[in-house]
Amino acid sequence: MKLADHRAQTRAEFHERLKRIGAERYHDRHPFHKRLHGGECTPDEVRAWVVNRWQYQSRIPMKDAAFLSRVEDPQLRRIWRHRIEDHDGGIDQGGGIRRWLALARAVGLDPDYVASGVGVMPATRFAVDAYVRFVREMPLLDAVAASLTEMFAPKIHAERIEGLLKHYDFADDASLAYFRNRLTEAPKDVEFGLNYVLDHADTLEKQDAAAAALVFKTDVLWAQLDALWHGYVQGNIPPGAWRPGEGLLDAAIPEPAPEAAGAS
């Protein structure tokens with residue numbers, strides 16, 4: 001919503017405006033995350049989250065590549081490109097994507113199945129694709145502003161590490177490496193991204209657009225959890241989405257009961 005007057009907010013005022021968006025709309029407030037972090041998710045609900053969140057994780061470097069393809073300033077490209085390296089990693093040492101697949105293995109999923117994306121819900125796919133398209137098509141300021149959900153990410157990662165370690169047997173240093181790494185990676189990204197937005201949003205019109213971009217990104221994250229809740233907590237799994245029992249490692253498939261094993 002636009003302010004009543006037409007005066008651009010001060011840097012401090014606009015910063016507070018962005019922080020309020022996170023306080024009101026970031027997905028740490030979603031009931032699915034409260035369920036997950038509180039140890040209330042079933043193993044299959046955790047697996048559904050890992051399968052669907054893969055769609056988002058795998059598209060982060062793609063959206064950053066789309067952003068870089070539009071940037072003419074070499075210095076901005078040099079600063080931004082490490083985000084791709086954080087997620088894709090090197091040839092021999094993987095980044096965030098490989099760490100996410102390690103989490104998939106830990107919860108009993110075949111990493112190749114997860115990486116195929118075949119089990120992703122339509123709503124998840126549409127939300128993530130909308131984010132990539134937004135970054136590819138909108139003004140650079142709006143694209144950077146949309147990334148500022150990273151301002152609120154360290155808190156949710158810390159809560160997630162604590163909750164998963166407390167409540168789930170699969171959780172250990174190796175399986176939660178993605179989240180531990182983001183505790184140090186995200187603040188570096190935030191420092192640059194936030195200063196870029198505060199420096200370049202120098203009119204009320206640009207501030208409104210940047211704030212709307214951040215709201216849009218919180219909607220993208222929230223919509224993914226709405227889909228998970230509807231599909232796997234309430235039991236309305238859409239056609240083509242992952243179903244319990246699919247894509248599991250052999251070790252994760254329960255042994256048949258003796259009477260079933262002997263039946264003909």
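Q: A helix here is a DSSP run of H or I with at least four residues, numbered from the N terminus. With that in hand for this predicted model, which helix gives the most to the lining of the largest cavity?
A: That is H3, with six residues.

Q: How many cavities of 30 Å³ or more does the structure hold, and what volume does the largest one have?
A: There are two cavities of that volume or above. The largest has a volume of about 240 Å³. Among its 23 lining residues, those closest to the centre are Arg53, Tyr56, Ile60, Glu150 and Arg182. Two or more lining residues come from each of H3, helix H5 (82–88), helix H10 (153–167), H11 and helix H12 (204–233).

Q: What makes up the lining of the largest cavity by class?
A: Arg and Glu count as charged, and Tyr and Ile as nonpolar. Sorted in this way, the lining has eight nonpolar, six polar and nine charged residues.

Q: Which residues line the second largest cavity?
A: The volume of this cavity is about 60 Å³, and the lining consists of His27, Trp49, Asn52, Arg53, Thr124, Gln224, Leu225 and Leu228. H3 and H12 each supply at least two of these residues. By class, there are three nonpolar, four polar and one charged.

Q: Why is the pair of Trp49 and Phe179 called stacked?
A: The model has 13 aromatic pairs by the ring rule. For Trp49 and Phe179, the ring centres are 6.2 Å apart and the planes meet at 10°. Pairing needs centres within 6.5 Å, and stacking needs planes under 30 degrees apart, so both conditions are met and the pair is stacked. The two residues are 130 apart along the chain, with Trp49 in helix H3 and Phe179 in helix H11 (residues 177–200).

Q: What makes the pair of Trp100 and Phe179 edge-to-face?
A: Here the centres lie 5.7 Å apart and the planes stand at 80°. Planes over 60 degrees apart count as edge-to-face, so that is the name this pair gets. Trp100 belongs to helix H6 (residues 96–106) and Phe179 to helix H11, 79 residues apart.

Q: Are Trp49, Phe179 and Trp100 buried or exposed?
A: Buried means under 20% relative accessible area. Trp49 comes in at 1%, while Phe179 is at 0% and Trp100 is at 0%. These values fall under the cut-off, so Trp49, Phe179 and Trp100 count as buried.

Q: Which residues do ring pairs link into a cluster with Trp49?
A: The cluster is made of Trp49, Trp100, Tyr178 and Phe179.

Q: How do you know that Arg83 lies over the face of Trp80?
A: Arg83 is at 3.7 Å from the ring centre of Trp80. The distance cut-off is 6 Å, with a further limit on the angle to the ring normal. The distance fits the cut-off, and Arg83 is listed as lying over the face of the ring.

Q: What lines the second largest pocket?
A: This pocket holds about 170 Å³ of space. The lining includes Cys41, Thr42, Pro43, Val46, Arg47, Tyr168, Asp169 and Phe170. Helix H3 (residues 43–68) gives the largest share, three residues.

Q: How do the lining residues of this second largest pocket divide by class?
A: Gly counts as polar, and Cys, Pro and Tyr as nonpolar. With this scheme the split is seven nonpolar, two polar and two charged.

Key
Residues are numbered from 1 along each chain as its sequence is written. This is a predicted model: local features need pLDDT of at least 70, side-chain atom pairs count only at pLDDT 80 or more; totals for chains, interfaces and linings use all residues. Side-chain values use heavy atoms; hydrogens and water are left out. On a 1 Å grid over the protein atoms alone, a cavity is a set of points where a 1.4 Å probe fits but cannot get out, and a pocket is an open set with protein on both sides within 12 Å along at least five of seven lines; lining residues have an atom within 4 Å of a point. Grid points are joined across faces, edges and corners, and a volume is the space filled by probe spheres set on the points. Rings of Phe, Tyr and Trp (its six-membered ring) pair if their centres lie within 6.5 Å; planes under 30 degrees apart count as stacked, over 60 as edge-to-face and the rest as tilted. Buried means under 20% relative accessible area, exposed over 50%, partly exposed in between (1.4 Å probe, protein chains only). A charge sits over a ring if NZ of Lys or CZ of Arg is within 6 Å of the ring centre and within 35 degrees of the ring normal.
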